[in-house]
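User: I'd like a close look at one part of this model, the sheet towards the end of the chain, with the rest brought in for context. Keep it informal, please.

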Amino acid sequence: EAFSIGGVPFLAVAFHSSGATEDVPSYIYRWNSSEVRQADGYTRVVGFVPFEVLPTSGATSATFLLCGPERTPILAISSSLGRAISGATHKGSVSVYRFSPSSGTPSGTSGTFTLAQSIPAIGASGLDLFTILGKGGGDFLVIANRQDQVPVSLGDYSAYDQVPEIHKWDTGAGLFTLHQRLSGPGFESVPDSAAGLDASQAFCSPNCIPGDDGVTMS
């Protein structure tokens, strides 16, 4: 997720796994426009450099928004809890961080992302922060919950039965509160068939997350 605070570019990267474990941190990088001279005599801009490390486990998504009338910088990252000894566990959380600039420094040049809230999630595979203007609007966080169990076989889409949630920013509390669950009759988080298409590609967005069956994505 690319964003800017006080005109300074940042990049939040959600790391899902090291290949051996899902217990890996995620990183926030800050743009450094300083120039350095290389051995060949040419100069180049430093680019993104590590700014902060956030504890995550099986992170799947990151999203940023300036929330409320005070334009509070908010970063949300979704995590799963990784794998239990007996198999996969999908109960995770969405960590909501608030950026606090250091005293006496311009916003964006120095500060920290502080954990402000942890929202329970079940197999969350994606997040988004957005704003709706007008009556009833505000700043919202949508969580794409996915599953809380392992499919019993290839093509078992009934395991993907969790519904998305929408949380609304409460300016007074400085936190998100549950606003709505997007459920409906026969709801599944992935389609029950994909005739003529490979199941790993059908209805798949650019940032798909592989399922436990190794094929299904969301």
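Which residue in E13 does Ile143 stand opposite?

Analyst: That would be Glu165: Ile143 stands opposite Glu165 in E13. Bear in mind that this is a predicted model, so everything below is read off computed coordinates.

Let's build outwards from that pair. The two strands involved are E12, residues 138-143, and E13, residues 165-170, and they pair in the antiparallel sense over four bridges. On E13 there is also a link to E14 (residues 175-181), again antiparallel, this time through six bridges. A handy residue pair for finding that second seam in your viewer is His167, which stands opposite Leu178 in E14.

Between E13 and E14 the chain makes a hairpin with four residues between the strands. Gly174 belongs to that hairpin and takes a positive phi near 70 degrees.

Now zoom out to the whole sheet. It is open, has four strands in the order E11-E12-E13-E14, and its pairing is antiparallel. E11 (127-132) and E14 stand at the edges with a single partner strand each, so one side of each has no neighbour in the sheet. From one strand to the next, the twist averages 30 degrees. If you're tracing side chains along these strands, a general rule helps: in a regular strand they alternate between the two faces of the sheet.

For context, have a look at another sheet in the model. This one is also open and made of four strands, ordered E1-E2-E3-E4 with antiparallel pairing. Its edge strands are E1 (2-5) and E4 (43-54), each of which pairs on one side only. Neighbouring strands here are turned by 35 degrees against each other on average, ignoring direction. E1 and E2 (residues 8-13) pair in the antiparallel sense over four bridges, and Phe3 stands opposite Phe10 in E2.

One more backbone spot deserves a click, since we've already met a glycine with positive phi. Arg71 has a positive phi of about 55 degrees although it is not a glycine. You'll find Arg71 in the loop between strand E5 (61-67) and strand E6 (72-79). As for solvent, Arg71 counts as partly exposed because its relative accessibility is 48%, and the exposed class starts over 50%.

So, back to the part you asked about: follow E12 to Ile143, step across to Glu165 in E13, then go through the hairpin with Gly174 and on into E14, one of the strands at the sheet's edges.

Technical notes: Residues numbered from 1 in each chain as written. Predicted model: local features only at pLDDT ≥ 70, side-chain atom pairs only at ≥ 80, totals over all residues. Heavy atoms only, no water. Buried < 20%, exposed > 50% of the residue type's maximum accessible area, 1.4 Å probe, protein only. Pairing = 2+ DSSP bridges. Axes fitted to C-alpha atoms, helices over the stretch in contact; angles between N-to-C directions.
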